[in-house]
Amino acid sequence: MAAEIVNPRSDSESRNGRTGQDDGAEPLDSFDPAFALHRGGKMAVQATVPIRDKDDLSLAYTPGVAKVCSAIAEQPDLVHDYTWKSQVVAVVTDGTAVLGLGDIGPEASLPVMEGKAILFKQFGGVDAVPIALDCTGVDEIVETVVRLAPSFGGVNLEDISAPRCFEIEKRLQERLDIPVFHDDQHGTAVVTLAALRNAARLSGRALGDLRAVISGAGAAGVAIARMLIEAGVGDVAVADRKGVVSRDREDLTPIKAELASFTNKAGLSGSLESALAGADVFIGVSGGTVPETAVASMAEGAFVFAMANPDPEVHPEVAHKYAAVVATGRSDFPNQINNVLAFPGIFAGALQVRASRITEGMKLAAAEALASVVGDDLAADYVIPSPFDERVAPAVTAAVAAAARAEGVARR
């Protein structure tokens with residue numbers, strides 16, 4: 001079975017929104033194309049083998065299927081060869097942190113999870129199944145996913161609020177022997193690092209020469225900070241609503257206390273605005289607005305990655321007054337930091353080699369491969385490729401697979 005890119009229905013009445021409207025109200029589809037596209041869902045399940053006659057039926061189902069089941073029972077690893085397990089990812093959410101909409105619940109999260117699934121297929125050739133859970137407790141989510149895991153080759157955690165997302169991912173990876181990847185954390189971090197690598201290359205600087213300030217100490221901010229440090233960025237300070245996360249603060253959660261232990265070597269304290277004075281890089285993953293005066297105080301030739309959607313922390317028109325490279329999370333400005341550049345290829349590479357997990361080395365390899373796609377076309381308005389660049393997924397897939405083998409987590 002495989003997930004379709006689009007819903008294959010031929011019923012034009014269903015597609016134009018004229019079914020299921022028995023209350024006499026004007027269908028939402030009639031005036032909003034987003035509703036028209038979503039009617040009935042954005043994906044379907046499709047057979048990959050024909051069922052044309054009784055012979056086909058006897059092979060695909062009983063009695064032929066019993067031979068395959070028995071073989072797998074005797075040699076469990078055969079499940080990878082004779083089922084879809086090694087080609088499919090579970091996209092799991094509890095609906096608590098959906099696309100800036102917040103805690104809207106599992107049902108309301110489904111359009112996003114369907115969207116994520118078709119992006120897996122479109123950009124990475126990976127089948128994915130949306131799973132929206134009607135529970136929010138860490139123990140409940142972990143136990144539920146562990147019980148679902150035999151059907152999947154990997155788990156993509158999506159739109160689960162911090163700080164629970166950190167513990168959920170950690171505990172699942174400890175209990176499962178398949179990749180578990182929280183895209184809001186690591187996908188964002190991979191693409192951010194790729195763009196930063198190219199921005200540094202454009203300006204003739206090394207990552208070690210840079211001091212970065214991150215606005216937001218949630219899932220994305222913590223993961224970005226960790227990855228930038230792993231990649232060799234000189235110093236990284238992270239600010240939350242109360243200011244810079246520093247060791248002298250007494251109000252830190254365990255996650256933020258750990259964050260303080262490996263960031264902010266300069267010992268900064270106080271506000272985000274004060275930390276930006278002389279900084280080389282601003283990375284926004286929090287929303288809100290950064291005052292223009294603070295942006296103006298950054299170092300000459302600075303980089304501003306304002307990634308909040310739909311309203312960047314620093315509007316590009318303001319950022320361009322002071323920064324050499326500007327990136328956002330929006331598709332209508334150059335240099336879009338978009339997770340779709342990372343997660344399809346990362347999972348494709350991990351599944352290709354049947355990796356037991358996704359390591360820091362695999363994520364760093366993904367970032368380097370993504371950055372390399374830009375090549376000699378590097379420019380201030382082109383430090384990261386488009387999601388529609390057909391070179392992206394193959395480059396990331398190959399790099400991740402090679403890194404998995406090098407790090408000893410590949411099983412083929």
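Biologist: Before we look at clusters, what makes two rings of Phe, Tyr or Trp a pair?

Modeller: Happy to start there. Rings of Phe, Tyr and Trp, the last by its six-membered ring, count as a pair if their centres lie within 6.5 Å. In this predicted model, a search of the whole structure with that criterion gives four aromatic pairs.

Biologist: Nice. How is the pair of Phe120 and Phe347 arranged?

Modeller: The ring centres of Phe120 and Phe347 are 5.4 Å apart, and their planes meet at 75°. Planes over 60 degrees apart are classed as edge-to-face, so Phe120 and Phe347 are edge-to-face.

Biologist: And how many residues apart are the two partners?

Modeller: Phe120 belongs to helix H6 (residues 106–124), while Phe347 sits in helix H15 (residues 343–352). The pair therefore links distant parts of the chain, and the separation is 227 residues.

Biologist: Are Phe120 and Phe347 buried or exposed?

Modeller: Phe120 has a relative accessible area of 0%, and Phe347 likewise has 0%. Buried means under 20%, so Phe120 is buried and Phe347 is buried.

Biologist: Which residues do ring pairs link into a cluster?

Modeller: We have already met the pair of Phe120 and Phe347. Ring pairs link these two with further rings into a cluster. Its members are Phe120, Phe181, Phe343 and Phe347.

Biologist: Turning to cavities, how many charged residues are in the lining of the largest cavity?

Modeller: The search finds one cavity of 30 Å³ or more, with about 60 Å³ of space in the largest cavity. Its lining includes Arg354 and Arg411, and Arg counts as charged. By class, the lining has five nonpolar and three polar residues, and the charged ones number two.

How values were computed
Residues are numbered from 1 along each chain as its sequence is written. This is a predicted model: local features need pLDDT of at least 70, side-chain atom pairs count only at pLDDT 80 or more; totals for chains, interfaces and linings use all residues. Side-chain values use heavy atoms; hydrogens and water are left out. Rings of Phe, Tyr and Trp (its six-membered ring) pair if their centres lie within 6.5 Å; planes under 30 degrees apart count as stacked, over 60 as edge-to-face and the rest as tilted. Helices (H or I, at least four residues) and strands (E, at least two) are DSSP runs, numbered from the N terminus. Buried means under 20% relative accessible area, exposed over 50%, partly exposed in between (1.4 Å probe, protein chains only). On a 1 Å grid over the protein atoms alone, a cavity is a set of points where a 1.4 Å probe fits but cannot get out, and a pocket is an open set with protein on both sides within 12 Å along at least five of seven lines; lining residues have an atom within 4 Å of a point. Grid points are joined across faces, edges and corners, and a volume is the space filled by probe spheres set on the points.
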